[in-house]
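I opened the notebook to look up two things: the pocket lining and the salt bridges. My entries follow.

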Amino acid sequence: MENVAVELKKLIREVPDFPKPGINFYDITTLLKDASGLKKTIEALTEKVKGEKIDTVIGIESRGFIFASPIAYMLGAGFVPVRKPKKLPAEKVSVSYELEYGQDSLEMHKDAVGQGHRVLIVDDLIATGGTAKAVVDLVEGLGGQVVGLAFVIELTFLNGRSKLNGYNVHSLITYDS
Ligand code: AMP
């Protein structure tokens, strides 16, 4: 990890057994409330993708929104939300994906991404990569080109990158166990 990431990692709060026993939750609210931490996180993620000529930055509900919107602003790109079911008002596309137990779905407006649009997908954290891969499928289904995926935190021991072979996956802070 880069020096700035080592500094930012100290601002992440780890909460054991949340939301259920056995899950170690990485709480970003302690990072967000730190003025310098918030600024450095947005700047460091933007720096990783700024050469990519991005049209649209997608944020995954809900913590992805917090980071995707300022990154879009910094890049001079648009922002598009990918939301949980039944939240978006206009015509939409949806995708289902597997969770540890059961299934979940995400939706995006059909006119949010067009043919050949260069898209960056942003979320707070990549664990198994299932959520991010589902969003890749949504974007590509609309003809968009995923030029990168950016995460504040990567749980490398869950190997989420293996679901995203061939894509540019960026992360700032890593946990190896
Ligand atoms: P996954 O699909 O397994 O990569 O899970 C990624 C999504 O679940 C992201 O939207 C994360 O915010 C959330 N998530 C998964 N595991 C954790 C964790 N240990 N701490 C905080 N958020 C998590």
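How many residues of each class, nonpolar, polar and charged, does the lining of the largest pocket have? I counted 19 nonpolar, 9 polar and 10 charged. Here Ala, Val, Leu, Ile, Met, Phe, Trp, Tyr, Cys and Pro are nonpolar, Asp, Glu, Lys and Arg are charged, and the others, Gly among them, are polar.

I note that this is a predicted model, where local features need pLDDT of at least 70 and side-chain atom pairs pLDDT 80 or more, while totals for chains, interfaces and linings use all residues. Numbering runs from 1 along each chain as its sequence is written, and side-chain values use heavy atoms, without hydrogens and water.

**Pocket.** I looked up the lining and found 38 residues, with Arg63, Leu99, Leu125, Ala127 and Thr131 nearest the centre. A pocket is an open set of points on a 1 Å grid over the protein atoms alone, where a 1.4 Å probe fits, with protein on both sides within 12 Å along at least five of seven lines; lining residues have an atom within 4 Å of a point.

**Salt bridges.** I found 12 (Lys or Arg side-chain nitrogen within 4 Å of an Asp or Glu carboxyl oxygen). Glu2 pairs with Lys48 at 3.1 Å. Arg13 and Asp27 meet at 2.9 Å, N to O. Asp27 is buried at 10% relative accessible area (buried is under 20%, exposed over 50%, partly exposed in between, 1.4 Å probe, protein chains only). Arg13 is partly exposed at 43%. Lys50 bridges to Glu47, also at 2.9 Å. I logged Lys50 as exposed, at 53%.
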